[in-house]
Every structure is written in structure tokens, then in C-alpha cells.
Amino acid sequence: MRTLFKGGSVASGKGVHRADLLVEGEKVAALGRGLKQEADRVADVSGCVLFPGFIDAHTHFDLEVAGTVTADGFASGSRAALRGGTTTVIDFACPDKGESLASGLARWQKKAGGQTFCDYGFHMTINDWNEAVRQELPEMFFQGISSFKMYMTYPAMLLGDRDLYWALKELKTLGGVCGVHCENAGVIDGMIAEKKAAGELSPASHPQTRPPYLEAEAVGRLLRIAQAAQAPVIIVHLTNGEALSEVLWARKRGQTVYVETCPQYLTLDESLYYQENFSDAARYVCAPPLRERREQDILWKALHRGDIQTVSTDHCSFTLEQKALGREDFTKIPGGLPGVETRGELMWSCGVAKRKISVAQMCRVLSENPAKLYGLFPRKGTLQPGSDADIVVYDPSGGHVIQAEDCASAAGYTPYEGFATDGGIRQVWLRGRLAAEDGNVLLSQPEGKYMARGKCML
Ligand code: MN
């Protein structure tokens, strides 16, 4: 089957240019002006921008958190992803403490296998550092896992400074990259205990016990540890200017530091936690928390300058019933927001349409950079001959209102309810097949493929 996309513009990390695109089978076959090749069908994409399928390198599907399980498993989560133009997700395999990495990976392969509608890969979580874990790492690369995740907070997951140092050093030797959740665990614990003692148990206490400077402290400390290990590192879900300053200093010292932020930190702010109604506030609980509005501007400017490399979602969805587990105690609210299906339209509407970032920059942070950082390039992240024909057809005209009832996520709500978009995603193609159109997922079978990934090339 040959499909010719005619009359549109094709985005890359370098720019956006008028071009036709020919797809043959699952691959891009040709790109150019006025392509004359014969095709079995023609997709008229006049006036639209074609992006390489978006990659969401930070999702949590089918994850146990706080005694409950995320609303989205791999089936509903990946359908939501496709609706929003995301054709590849990289989820986090998360072994229990003491469980081998191999066993954790096998469990995640089982959760995703035969369930997932988009393509997928896994990062491996390292929540324990010992000789057994060290010896397992080469096998992880063999299984297509080239990126890892460590935590500086959450007692069940966190590694101390010595273990962070040793793990980073080992990953550097093996050619892996590691994303780190940076928040100061000890002081946050202390602040939470104070709030509890004072009986201040509403969601308003959530942002107050996780202030931005305790994220910045952890970012700064991690970067000094990475300096000692002479290892590259990824700061995941960075939320604020002070944390970003730590990154800029480390880069000035010559360190390699990659930064991810998320749509919620670019578009929502902490005033949402101070709403009277419990449910209205609790639905926004995530860590790090939403910040003051002024941080959004700092993050957009950093995206514009190229100081932030990727925008992923940290999609970790819970229903409002699940969020109500913390009605009497904000620390029991399962943390996380749904967002996998709204990222593309938010980045266009709040970024490109408002001239905060260019189309090329949007392409870099949603597609090209994650593909390069996580070893998927040039199969993913670009539309050039030989690449997978994962295509987002973005129509800049018109617009619509984001509402939960249209969403495929099982969360049952969206943090972006009522948000009016600028234009919208008209079609999403996964490896040459029309996977979603006008917000409807068309694939009837979960045919997502596991992506064994290579090494970082960003
Ligand atoms: Mn996360």
C-alpha cells in the first residue's frame, strides 16, 4: 500500500517546509515537492503540518501507587496516546525492592504485550544498588533498555548519594543515560510531619511541603554527584527557574545535562491546590507539584533557547474516586496527572500559536530529541526515507474545547477541561496505518510493537 500525503508542510527539528510525503507499507518512502510517484491512495493534507509521531518518554501505565493501581493500563493509556498524536511511549519498568531487573522487565513486558495500541519501550527503574543489580545491567542493554530511572525522594524507591554515584558511574561505563526525580526527601518528610501535627491535611499542604527550592537543591546535588561520576544525566519533570539555574551552572562546568519538563508545568499553576472543594484541588496533586505562574514563563523561554530538550507528560492517571483516598490526608492522595492525550495540542496552542516556540522547536521537544536521547532515531522522531511512517497531521485552522468526555484515558477527568485549542490533530498514522482521526481511535487491535532501543545520540 502506497499513500501520498499531498499539499502539506513537513516539520523537522530544523524547520517546516512545503513537501509531499510518500509512504510505502510501514515506512516513509520519499519526501519532496510535487512528488509524481503513483500511490494507491492520496491523503489531502493541504494547510496542515505533518509532524513525526510524537514520543512520550514519561508515562506510567498499569502502575501500583499508594495501594491502588493507575486508572490507565497499557490498553486505555496507549489509545489515549494515539488520540493525541503520540505514536510511541516509553514507560517505566519498576521492579519491587529486592526483585531482579530481569523479573521486573518481564512483568512490564507482560503488562504491555498484546495490550498496547501504539509502539512502546521501557526505561528501567533502579531503586536498589548492589552487586546483583550491577551485574544485570548489560543484559538490560541487550533487551533494548538503554535508559534508567532513579529517585532522590519516596522512601520505597530512593537511592542515597553514594548509590547514585556508583550507579551513574556504572551506567556511564556501559553507555546508558539515567533520568532522576529530584526532590529533597528528608526536608520534605519533615515538613509533611509538621503539617500533620498542625492538622493541616488538605491538598493545600501538598505544594507547601514540596517547595521549588527543595527541587533545586536536589538538582544541584545530583549534578555534583554526576560531576564526580563524570556521567551524563537527565533531569525529569523540571518545574522551576531555580532548578534550571543549577542545570545551567553544571553545563558551564562542562557537564552533559538533559532536561525534561511537562505540559502541566507549562500551563497550570499552584493556585489550583488552594480551591475550597477537595476534589477540585486533589485532582492536580502530582510531584513535583504545580508551581507559581511566573515559572511557566521561565520554562517556555528555556524551551525557546533550547535549554530544555524534551516535553513528556509523566502521565500517571487516577480517577477522582481514587484521588478521594486522600480526603482526610493529602499524603494519601495518589500522585499523578493524566496528560498523554493532550500534550500535542497544548504545545501547539500554548506554544506555537502564542509564538513562544517555533514549529521546529515543537518538533524537537516532542519527537526528534526524545528519539535521539532514547536511542530510537532515525527510526522514530523524523520523517525521512526509511523512517517509520508515524505521522501526526496537525490542522492549524479552527479549534475545539478539551473535555473529559472526549478523552480515551480511564481517569474520567482531564486537568485541561474547558481549554480551547488552536487548531487540532486531524489524523495520526502509526507505521503507515491511519490510527486515529478527528479524535477517534480507528485501530481495533492493539498492534503496538516493543521498541528495543539503542544508545543515546543527542
Ligand atoms: Mn514519573
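Two strands count as paired here if DSSP finds at least two bridges between them. Keep that in mind for the sheet. One caution before I start: this is a predicted model.

So, the sheet. Seven strands make an open sheet with mixed pairing. The order runs β3-β2-β7-β18-β19-β20-β21. Which strands stand at the edges? They are β3, residues 16-18, and β21, residues 440-441. Each has a single partner strand, so one side of each is left without a neighbour in the sheet.

Take one pairing from inside that order. Strand β2, residues 9-11, and strand β7, residues 49-52, run parallel to each other over two bridges. Look at Val10, and you will find its bridge partner in β7 is Leu50.

Next, the metal. There is a manganese ion, and three residues coordinate it. His58 and His60 each give NE2, and Asp314 gives an OD atom. The distances are 2.2 to 2.3 Å. In sequence, the donors are spaced H-x1-H-x253-D. Are the two histidines buried or exposed? His58 has a relative accessible area of 0%, so it is buried. His60 comes to 7%. The cut-off for buried is under 20%, so His60 is buried too.

Now the aromatics. The count is 11 aromatic pairs. Start with Phe5 and Trp429. Their ring centres are 4.9 Å apart, with the planes at 75°. Edge-to-face means over 60 degrees, so that is what this pair is. Phe5 sits in strand β1, residues 2-6, and Trp429 sits in strand β19. The pair links distant parts of the chain, 424 residues apart. Phe5 is buried, at 0% relative accessibility. Trp429 is buried as well, at 4%.

A second pair is Trp348 with Tyr394. This one is stacked, 4.5 Å centre to centre, with 15° between the planes. Trp348 is in helix α13, residues 343-352. Tyr394 is in strand β18, residues 391-395. So the pair ties together parts that are 46 residues apart in sequence. Both of these residues are buried.

There is also an aromatic cluster. Its members are Phe61, Phe74, Tyr120, Phe122 and Tyr450.

On to the empty space, starting with the pockets. Rolling a probe the size of a water molecule over the atoms shows where empty space is left. The largest pocket has a volume of about 1200 Å³. It is lined by 50 residues, and Glu64, Val65, Ala66, Tyr154 and Met157 are the closest to its centre. Which element supplies the largest share of that lining? Helix α5 does, with five residues. Others that give at least two residues each include β9, residues 64-65, and α2, residues 101-112. By class, the lining has 26 nonpolar, 13 polar and 11 charged residues.

The second largest pocket holds about 340 Å³. Its lining has 18 residues, with Glu345, His400, Ile425, Asp438 and Gly439 closest to the centre. Strand β19, residues 424-430, gives the largest share, three residues. That is the strand that carries Trp429. The class split here is four nonpolar, seven polar and seven charged.

Last, the closed spaces. How many cavities of 30 Å³ or more does the search find? Three, over the whole structure.

The largest cavity contains about 60 Å³ of space. Fourteen residues line it, and His123, Phe148, Gly179, Val236 and Tyr374 lie nearest its centre. Three strands each supply at least two lining residues: β8 (54-59), β13 (147-151) and β14 (177-181). The lining is eight nonpolar, four polar and two charged residues. Strand β13 also gives at least two residues to the lining of the largest pocket.

The second largest cavity is about 50 Å³. Its lining includes Pro338, Gly339, Val340, Glu341 and Thr342. It also includes Cys407 and Ser409, and then Tyr413, Thr414, Pro415 and Tyr416. Six of the lining residues are nonpolar, four are polar and one is charged.

To recap with the model in front of you: find the manganese ion at His58, His60 and Asp314. Then find the open sheet of seven strands. Then look into the largest pocket, about 1200 Å³. That's it from me.

Terms used: Residues numbered from 1 in each chain as written. Predicted model: local features only at pLDDT ≥ 70, side-chain atom pairs only at ≥ 80, totals over all residues. Heavy atoms only, no water. 1 Å grid on protein atoms, 1.4 Å probe; cavity = no way out; pocket = protein on both sides within 12 Å on 5 of 7 lines; lining within 4 Å. Points joined across faces, edges and corners; volume = space filled by probe spheres on them. Helix = DSSP H or I, 4+ residues; strand = E, 2+ residues; numbered from the N terminus. Nonpolar A, V, L, I, M, F, W, Y, C, P; charged D, E, K, R; others polar. Donors = N, O, S within 2.8 Å, 3.2 Å for Na, K, Ca; no water. Buried < 20%, exposed > 50% of the residue type's maximum accessible area, 1.4 Å probe, protein only. Phe/Tyr/Trp six-rings, centres within 6.5 Å; stacked < 30°, edge-to-face > 60°.
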